[in-house]
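Q: Hi! Could you walk me through this protein, step by step?
A: Happy to. Let's put it up first.

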Amino acid sequence: CGMVYVDPKDLSYEPYWYMWSNSLKTEESTELMNKLFEKYVPTLMEYIFEGIFNGEQGKRMKSVVPQNTLSMIIQLCYLLDSQINMAKYDLDQDGGEGQLKSAPPYLITQENLDLVESVFLHSLTWSLGAALVEKDRLNFDAAIKQLAGMPAFNDETDKVFAKSGYL
């Protein structure tokens, strides 16, 4: 009998992501989620763990509790699963328990790309950015907004809530 030890640094988070994305119901869903993953995750992981963003070296981000890349991706997948599955349920008229629709439209489609990206960004914020200290959360937020390329909203000067389509 033998024991094999693998250092978590030698394991990448990508196999877990691709296993999860391949479990989605349609090929279109898998493609869309993989595009969003490739757009955001490698750059943000490099920024969090190496301090590199847009080719510039900065300080590595600090977290409240130690985290590794795989645990962050697992959190991302759980969050995405929960939000995608929530979209399949309707509330009763009385506000009671959710009831599964008989033929739910699947959330992840090209027609819903803005909605899917918004759900993905929300999940990124609360998986990759959840354990960051406050100062680094602000930097992480700015990085997501820059990568998204959506209009940014400055709540410091405007003192109102962001409208739909703004970050």
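**Buried residues, rings and a surface patch**

Q: Let's start simple: what share of the chain's residues is buried?
A: Of the 167 residues in the chain, 31% are buried. Buried means under 20% relative accessible area, exposed means over 50%, and partly exposed is in between (1.4 Å probe, protein chains only).

Q: Before we go on, what kind of model is it?
A: This is a predicted model, where local features need pLDDT of at least 70, side-chain atom pairs count only at pLDDT 80 or more, and totals for chains, interfaces and linings use all residues. Residues are numbered from 1 along each chain as its sequence is written, and side-chain values use heavy atoms, with hydrogens and water left out.

Q: Cool. How many helices and strands does the chain have?
A: There are six helices and four strands. Starting at the N terminus, their order is α-α-β-β-α-β-β-α-α-α. Both kinds are DSSP runs numbered from the N terminus: helices are H or I with at least four residues, strands are E with at least two.

Q: And the rings, how many aromatic pairs are there?
A: The count is seven aromatic pairs. One of them joins Trp17 and Trp20, with 4.9 Å centre to centre and 40° between the planes, which makes a tilted pair. Rings of Phe, Tyr and Trp (its six-membered ring) pair if their centres lie within 6.5 Å; planes under 30 degrees apart are stacked, over 60 edge-to-face, and the rest tilted.

Q: Where do Trp17 and Trp20 lie?
A: Both are in helix H1, three residues apart, or about one turn of the helix.

Q: Why do Trp17 and Trp20 count as buried?
A: Trp17 counts as buried because its relative accessible area is 0%. Trp20 is buried because its value is 6%.

Q: Why is the pair of Tyr47 and Phe53 called tilted?
A: Because the ring planes of Tyr47 and Phe53 are at 40°, with the centres 4.9 Å apart. Tyr47 and Phe53 are both buried, too.

Q: Which residues form the aromatic cluster?
A: Tyr13, Trp17, Tyr18, Trp20, Phe37, Tyr40 and Phe120 form one cluster.

Q: Switching to the outside: which residues form the nonpolar patch?
A: Val4, Val6 and Leu11 do, with about 290 Å² of accessible area together.

Q: What about Leu11, where is its place?
A: Leu11 is in the segment before helix H1 (14-22).

Q: Why does Leu11 count as partly exposed?
A: Because its relative accessibility is 42%.

Notes:
Patch = residues over 30% accessible without salt bridge, like charges linked within 9 Å, V, L, I, M, F, W, Y side chains within 5 Å. Areas by Shrake-Rupley, 256 points an atom, 1.4 Å probe, with all protein chains shown as cover. Salt bridge = Lys/Arg side-chain N within 4 Å of Asp/Glu carboxyl O.
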